[in-house]
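Biologist: I'm new to this one, so could you take me on a close look at the nonpolar core? I'd like to hear what sits in there and how the rest of the chain is arranged around that part.

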Amino acid sequence: MKKFIFTTAFSLLATIGFSQWSGKEYVVENDPAVLEKLDEWQDLKLGFFVHWGAYSVDGLCESWPVVSEDVDWLTPHADIRKFREHYFNELPLQFNPTGFNPDQWAELAEEMGAKYFVFTTKHHDGFTMWDSKQTEYKITNPKFPYANAKYADITGSLFEAMRAKNMMIGAYISKPDWHHPYYWSPSFDSPGRNVNYKIERHPDWWRNFTDFFYNQVEELMTDYGNVDILWLDGAWADKNNQGQDMKMDEVGQMCREKQPGILVVDRWVGGRWENYRTPEQHIPSESNPIPWETCMTVNCCFSYRFEDSNETNVKSGRQLTHKFIDIVSKGGNLLLNLGASPQGWFNKKEVEAVRNLGQWIKLNSEAIYATRAIAPFAEANVRYTRSKDNSKVYAIVLLEDGEMPDKAMLPGCLVAKRATIKDVATGKTVAFSRQGNATLVDIPKKKGTAQYAVAFEISEVEKMAGKAYGKSQAAKDAENRNL
Ligand code: GLC
């Protein structure tokens, strides 16, 4: 393993916007299969993320309500012990998604323009969404109603359906497990999200737990076909926090043996097993040389919320499109999350929003997939990308609802005199004039989702203003539009 560490080399480039990564080393992998997959993954831009588990039955905030932490985003229960009884014992008996059809999910993934899929095979509560031999707290336990259904091995069925649509496959798995007696020992109370005993006093308990974790990951790596990404959540289960050493070297090496080139994302931990960074619900203000992916929800949160719940706050197709373009312009990927319902589908409004995003992407795909970042990335309401071979620059003008001007200024982008500029969606050449360090282009009239943003392909650029241009007020304003 080449121990080249980015922290110092790139500390100037890593900006404040990346607070969830700052101070964490990034180790550049030297396994060619991993580097190749990472590059391929960076071409894909959009992933479909789904949170689904027994918690969906009650429309809960994933597994979090079982945790006893006095934080503002968790409502205290009248009696946490009673609630846990309900959560762990009753919800799995009620979870019976008879409407679930993995092929429909795969169609939706394709329609939204996603090229990879990440699924919560197991969230922090430990409820296992595949037919694991390591636990009875799983969807296929014969005591649970869905056990004999055609798609009972939900993870396996989904991976298969998504692969049939050529998606890369990502397994989300949480490292902690609040159901496991050697993570939350029944001998003690469980005051918070962490292990509830002293690992140094009970090393055998901890070994038992990490063996269990290793064995579960091994099942996913062995019995579920090609897996491209292991997306590990629960960053607090880490050796630097109460000695919660998850033996990541053992786990990571086993994954690489079973799935050569697999990307391992021990999120927010840093080091060898975090091949890319995962800012959450947030778009960094700048590009970064470290590969990254923002995970973001279409609704307010990762898990399903009943349509009539006052907790919903669904992003529109236009908002999603703008956020996606902004991320792509900074060289990142978007892992866009929907929470699946108890029956196995998604809220109507959310489906509509992601379909609209997909329509826009379909029209403008050349300016998106397999592109790379080019400074100045974002100026006012314009975002830039470039083709991987550097032969073309794309300028994407973000438009607000009702805004359809005849012309747009491309600040920081002076095209060559002899350049050709085309409207990506139609391939038609458009007129332009050079204005100082900028270019003024004609905007063709657009209808429907095409009005969200207009992408231009530029054959030759004389000067991109880059960082020498400084960060304009317009760029800062544009950032604020993402909040
Ligand atoms: C956060 C949430 C967790 C969710 C994850 C997805 O860490 O706490 O519930 O699964 O984000 O990114």
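Modeller: Sure, and keep in mind that this is a predicted model. The largest nonpolar core has 119 residues, and F117, L230, A395, I396 and A453 are those with the most contacts inside it. Both domain 1 (2-367) and domain 2 (374-481) give residues to this core, so it lies between them.

Let's zoom in on F117. Setting aside its neighbours within four places in sequence, F117 is in contact with G47, F48, A109, M162, M167, I169 and G170.

Now for the two domains themselves. The C-alpha centres of domain 1 and domain 2 are 35 Å apart. Where they meet, 18 residues of domain 1 are in contact with 18 residues of domain 2. On the domain 1 side, helix 8 (317-329) and helix 9 (348-364) are the elements that give two or more residues, and helix 8 has the largest share, with 8 residues. That side of domain 1 divides into 5 nonpolar, 9 polar and 4 charged residues.

While you're looking around, there's a ligand too. H51, E62, D233, E280, C295 and F302 surround the ligand, and this shell splits into 2 nonpolar, 1 polar and 3 charged residues.

One last stop is helix 2 (residues 32-44). With 13 residues at 1.5 Å a residue, helix 2 should span 18 Å, and its end C-alpha atoms are 19 Å apart, which agrees. Right after helix 2 comes K45, with a positive phi near 65 degrees.

Definitions and conventions: Residues are numbered from 1 along each chain as its sequence is written. This is a predicted model: local features need pLDDT of at least 70, side-chain atom pairs count only at pLDDT 80 or more; totals for chains, interfaces and linings use all residues. A residue is near a molecule or strand if its C-beta atom, placed from the backbone, lies within 6 Å of it. Ala, Val, Leu, Ile, Met, Phe, Trp, Tyr, Cys and Pro count as nonpolar, Asp, Glu, Lys and Arg as charged, and the others, Gly among them, as polar. A nonpolar core is a set of buried Ala, Val, Leu, Ile, Met, Phe, Trp, Tyr and Cys residues joined through C-beta atoms within 7 Å. A residue is buried if 20 or more other C-beta atoms lie within 10 Å of its own, exposed if 12 or fewer, and partly exposed in between; C-beta atoms are placed from the backbone. Domain bounds come from an automatic or database domain assignment. Two residues are in contact if their C-beta atoms, placed from the backbone, lie within 7 Å. Helices (H or I, at least four residues) and strands (E, at least two) are DSSP runs, numbered from the N terminus. The expected span of a helix is 1.5 Å times one less than its number of residues.
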